There are 4 protein chains.
Amino acid sequence: MSSKLPIGILGATGIVGQRFIQALEHHPWFEVAWLAASDRSEGRPYAEAARWRLKTAIPKDVARMTVAPATPKGAPKIIFAALDASIARELEPQFANAGCAVVSNSSALRMQADVPLVIPEVNGDHIKLIDTQAWRRNSGGFAVTNPNCSAIGLVLALAPLHRAFTLETVMAVTMQAVSGAGYPGVPSLDILGNVIPYIANEEEKMEEETQKLLGTLSGSHIDPAPFAMSAQCNRVAVEDGHTESVAIRLKKKASAEEIIAAWNRFHAEPQQLRLPSAPEQPVVYMTAPDRPQPRFDVDLGAGMTTSVGRLRKCNVLDWKFTVLSHNTIRGAAGAALLNAELLKAKGYLG
Amino acid sequence: MSSKLPIGILGATGIVGQRFIQALEHHPWFEVAWLAASDRSEGRPYAEAARWRLKTAIPKDVARMTVAPATPKGAPKIIFAALDASIARELEPQFANAGCAVVSNSSALRMQADVPLVIPEVNGDHIKLIDTQAWRRNSGGFAVTNPNCSAIGLVLALAPLHRAFTLETVMAVTMQAVSGAGYPGVPSLDILGNVIPYIANEEEKMEEETQKLLGTLSGSHIDPAPFAMSAQCNRVAVEDGHTESVAIRLKKKASAEEIIAAWNRFHAEPQQLRLPSAPEQPVVYMTAPDRPQPRFDVDLGAGMTTSVGRLRKCNVLDWKFTVLSHNTIRGAAGAALLNAELLKAKGYLG
Amino acid sequence: MSSKLPIGILGATGIVGQRFIQALEHHPWFEVAWLAASDRSEGRPYAEAARWRLKTAIPKDVARMTVAPATPKGAPKIIFAALDASIARELEPQFANAGCAVVSNSSALRMQADVPLVIPEVNGDHIKLIDTQAWRRNSGGFAVTNPNCSAIGLVLALAPLHRAFTLETVMAVTMQAVSGAGYPGVPSLDILGNVIPYIANEEEKMEEETQKLLGTLSGSHIDPAPFAMSAQCNRVAVEDGHTESVAIRLKKKASAEEIIAAWNRFHAEPQQLRLPSAPEQPVVYMTAPDRPQPRFDVDLGAGMTTSVGRLRKCNVLDWKFTVLSHNTIRGAAGAALLNAELLKAKGYLG
Amino acid sequence: MSSKLPIGILGATGIVGQRFIQALEHHPWFEVAWLAASDRSEGRPYAEAARWRLKTAIPKDVARMTVAPATPKGAPKIIFAALDASIARELEPQFANAGCAVVSNSSALRMQADVPLVIPEVNGDHIKLIDTQAWRRNSGGFAVTNPNCSAIGLVLALAPLHRAFTLETVMAVTMQAVSGAGYPGVPSLDILGNVIPYIANEEEKMEEETQKLLGTLSGSHIDPAPFAMSAQCNRVAVEDGHTESVAIRLKKKASAEEIIAAWNRFHAEPQQLRLPSAPEQPVVYMTAPDRPQPRFDVDLGAGMTTSVGRLRKCNVLDWKFTVLSHNTIRGAAGAALLNAELLKAKGYLG
């Protein structure tokens, strides 16, 4: 019998659910024990219920698992959630209330005052918010979230600069991959040979999540980071990888060398604790003049490393650069998994 | 015998050269009379020398024309130039010196102090710089240029706002079509499923050209517009149409309604003079929340209309919006053609 | 008041419905008078109900029309139908039964013995089958269909050869555009950088429809053409235009020149009657070694001309060649419209 | 000091050259010792000379290697060649003549009577042709080739059927990835949203190579396989992976089960000898109705497994099916590497 911790996945048939299953296939601590999805999938073998969209094959034992109803009854104590926000808003509290550790990728609870929104390299200390949750007191359950796929790469690139030089202003324009919209997601007739300059609610999420992530834990709440932040979000014909053109102003002026060093040297608790999914380098600066590019760089660090490039002076703010991050790994399933690993390392998973 | 003015095209086999030929097929004032291209093409019938990349067929009479050597001897007095900058730097002065009106799409002379860089709707008065050119005095020849394909759509969107409210700051991030790089241009292995966050010299051109175009003619030179301007340029897998995410700060504060009205009401000399290639509306604001998009909107106004959308508040500057412009029509061949039409209307073409 | 014949469109919000509206905008004989779609759209203005996916704008009067319920009550006598097969199977007979002329693009009734499956240039005489329909006798109504988008280009290319040289064997492999699957249709995650070697039921339709179209009217039924026919269907990342690699064996041996002449000279009733949507040349042979290509040739003859190229010897059968046809114009809306024009010319539309 | 055999690569900067370097990074028998490319690259560090287009990084020691002149002087005894045919025709004999074992991916020598054209799983015995080469007698050098990227996947799928049931007729239509054309290769303006129904000389190569590969060694020459073979070749907007729609007629009739079993059970010398690059299963039949697909299946068996699917009856020949093979791994660098491994196992590499 396995000594690994059993994991349940809510929303197991979607793109992020599939990435959870892929990431857990050879995981040293966790194993997939329970899968739930929409009513339509319930009772069917996973391999039939899911339209698998990854290059690696469905792990054989998972392929045969029967999709369970999406209720806490019979579910394991640790739940990875990859649900649409509207469903998550209803289901995630049910699971937390039933005593589950809900590690969520959805946006439903991210901005709730007592729910930590966490990137382990950036604000692992926010996890303490768990102790203020009513679920925690009542049933032992709790909820932790990771940010939107467009915010996480940006925040990983900003965090070392904010620590060292203090951000005053951030402007980001995204060019986001279609996998960020799930499956079936973006119709091909909408995106072939096209750019869509709009993703519903995405700019608002990026702006408020960035400030919460770089904010300060103050007793039982987070003071958002006080810098000004503006985002513009576009969809492009890329399968995986969100690219972002970023401009920043810093309070403490810094040279290009200092900024690049801050990125390359950046590491934090996940690296020190050697969490299984932590990349050796969370942020890498690429020196080639035309990188990073999603087609070639998205899988860096098994999709967990954020790549940065093209640092150059800005005529309006101080600096401009390009950020690339894998939107369904570092921006979704890998983010939640790393959160779970941090939770386990800190003793929250029993 | 035709009473139309004979036109010569330098760089006739490239993508912009093809667009010139396409645009002149049924032109009421001009007709193609002479085609020149690289040595490799010289002496061959145009249909063989060019790798035609447009949906409409090569006009039959042009197909049979023989590609001439790229020297002023035997060339008509009006030359449309679509050359690489390095070649243009050498050839365009030769033609101006020989008495030709050189209407150029290349970047070679754009920033030269006595060469007008013109968008007829924006700064048609800059054409007077011609009178300061040595070529003009010596031979009657002169050179006029149009801006880079990434600058022109932006400047058309900015001009009405700059007039009414005065720009203080402009930040633009582009997502540019592959046709902007000519043919063969961007290899498919570089752009399929990818974003390239770099186009050589493009950001510099966008920044300085925008300020020259919105600058003020002061005697024999242009005072560049004094606002701060920063550009970031990306290549995406789109055939035609540069999309740009723009943020601006205005000196005189304006409401969304006032800004949209400034765009929709914008018209200028080309519309008043009913120049043949002038679009009825140079700028159109699209109200749908997810437009403009290159796939659907690039051909607006026969490719001469710039479309704008998504006007919304910016947390850092004042306003954010999206601009789309056809890069090989309004951004290249159509731009030069409209310049030529303005020159004719103003009596510069004899 | 208009003297044009009022047209109703069933399935007006889909891609083919949109193509009907586009094609009818300036039609000399017909005008859009009534639009119906799914329950979800009913009662809403068309511009809101449809997700318009074409480059030309929605005609203004159509934009304001209210989407009607999909029942014969209140519908005009001529109905263009662009419904999914499952819905068409139910609705089309209702409209025919109510006295409507149903000109359908769906597959529901195509293979029904008394329903003509027609390409006006190929088998206009099959229209007489109408007279055998019970609907016709009972209410005056009737149904006429056009073939699948993958069959129609092929059959236009085959018809002149079958007439002149008699087909013995046909093998076709398709590379079909995503617009053939409607909207939202093919998810971008399925097709970016991909080929899907499967389209449900498509091969069966191509095979049986080709034989019915090239078959012979014999009293009250069609004897299918007796040649052997095999199809393989693939989906590729192309917006519009089905490309097909075809190989054939002919009973009467023919030279390349004879075959090409048969294509280029091919014309029939629609051309003789000068039907408004009939292309001047239904089939054009392109001599360039690498044409036709969807990106450049799909709009030939306003999307109604089938282009053929690369005729060369086959080691197994006699000849190989490439066929290209616009799948939502000649392969759908344009096909039905041309059928309607033929019906009017023959007196079937009152 | 390494005990691995030193390998030289001719054409090291191209796409196939890069795949050689990638495949040799952790190879147990061979190591990259010498790199040559065009004059333009000579004398420069490899990392500067090559435009690296793969997702994995350039191996560090290779990155620093200096590109050597493309002459046998100073080159190792084993040469992997990835040259354009015109250059290969000149250089490959020079190296063989100088005593090198030339393991070539180019088409230059493939059809030369005394040069083995080999797929180790299919016709490893053809290697004996080496002994008839003049180079071998004179200097010990020799040349061995692997087939065109479009032929190899097809032949791997055909070989088990030819052995068991004897092929009478083969028809194949390809949809080939852009990486097959090298770098810069296919311009993006040619292939975005497009299909190109032509690849120069490709159909001829597929036809003659297939027959040589499945032919019989008879003393000092190969009798080509006597079945009829016809190919049609198309380029599509796919990065890696050639998909083919195939139809065959068999002499000995077989059921679907027998055919599928022949594919799945197929293995040969490379599997028995456990050659390092041999896939466990050279051919895999996929049961899903819409597979194989390049986006999801191209990397099967580290790019060395050919996947087959959609076996179904053909109305003209006996059977139809779809084949997918990685064109720059199994179709180029991996093919040559497996040839080299077989040569070493058979004692040809000293």
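In this predicted model, helix α7(D) passes α10(D) in a right-handed crossing, a term used when the near helix is turned clockwise from the far one by less than a right angle, with left-handed used for an anticlockwise turn. Helices here are DSSP runs (H or I, at least four residues), strands are runs of E of at least two, and both are numbered from the N terminus. The axes of α7(D) (residues 149-165) and α10(D) (residues 256-265) are 9 Å apart and make an angle of about 120°. Such axes are lines fitted to C-alpha atoms, for helices over the stretch in contact, and the angles run from 0 to 180 degrees between N-to-C directions. The pair α7(D) and α10(D) is therefore oblique; angles under 35 degrees count as roughly parallel, over 145 as roughly antiparallel, 65 to 115 as roughly perpendicular and the rest as oblique.

On the α7(D) side, D:Ala157, D:Pro160, D:Leu161 and D:Ala164 meet D:Ile259, D:Ala262 and D:Trp263 of α10(D). Contact is counted when the C-beta atoms of two residues, placed from the backbone, lie within 7 Å. This contact of α7(D) with α10(D) consists of 7 nonpolar residues, with no polar and no charged ones. Nonpolar covers Ala, Val, Leu, Ile, Met, Phe, Trp, Tyr, Cys and Pro; charged covers Asp, Glu, Lys and Arg; the others, Gly among them, are polar.

Chain B has a helix pair with these names too. There, α7(B) and α10(B) pack at about 120° with axes 9 Å apart, and their crossing is right-handed. B:Ala157, B:Pro160, B:Leu161 and B:Ala164 of α7(B) meet B:Ile259, B:Ala262 and B:Trp263 of α10(B).

Chain A contains 13 helices and 14 strands. Its C-alpha trace spans about 60 × 50 × 35 Å along the principal axes. The radius of gyration of chain A is 19 Å, which agrees with the value near 20 Å for a compact globule of 350 residues; the radius is taken over C-alpha atoms, and the globule rule is 2.2 Å times the number of residues to the power 0.38.

The contact between chains A and B takes 34 residues from chain A and 35 residues from chain B. Elements of chain A that each supply at least two residues to this side include β6 (167-176), β11 (242-250) and α12 (294-297). The largest share, 6 residues, comes from β10(A).

The sides of chains A and C that touch chain B have these residue classes.

| Side | Nonpolar | Polar | Charged |
|---|---|---|---|
| Chain A, touching chain B | 17 residues | 11 residues | 6 residues |
| Chain C, touching chain B | 2 residues | 1 residue | 2 residues |

The contact of chain C with chain B takes 5 residues from each of the two chains.

Chain A can be laid on chain B by a turn of 180° and a shift of 0.0 Å along the axis, with an RMSD of 0.0 Å. Superposition is by least squares on the C-alpha atoms of residues with pLDDT of at least 70 in both copies. These two copies are thus related as by a two-fold rotation axis. Of the contact residues of chain A, 100% recur in chain B.

Chain C is superposed on chain B by a rotation of 180° with 0.0 Å of shift along its axis, and the RMSD is 0.0 Å. The C-alpha of C:Gly193 is the nearest to that axis in chain C, at 3.5 Å. Here too the same surface serves both copies, with 100% of the contact residues of chain C recurring in chain B.

Residues are numbered from 1 along each chain as its sequence is written, and chains are lettered from A and ligands numbered from 1 in the order in which they are written. Since the model is predicted, local features need pLDDT of at least 70 and side-chain atom pairs count only at pLDDT 80 or more, while totals for chains, interfaces and linings use all residues.
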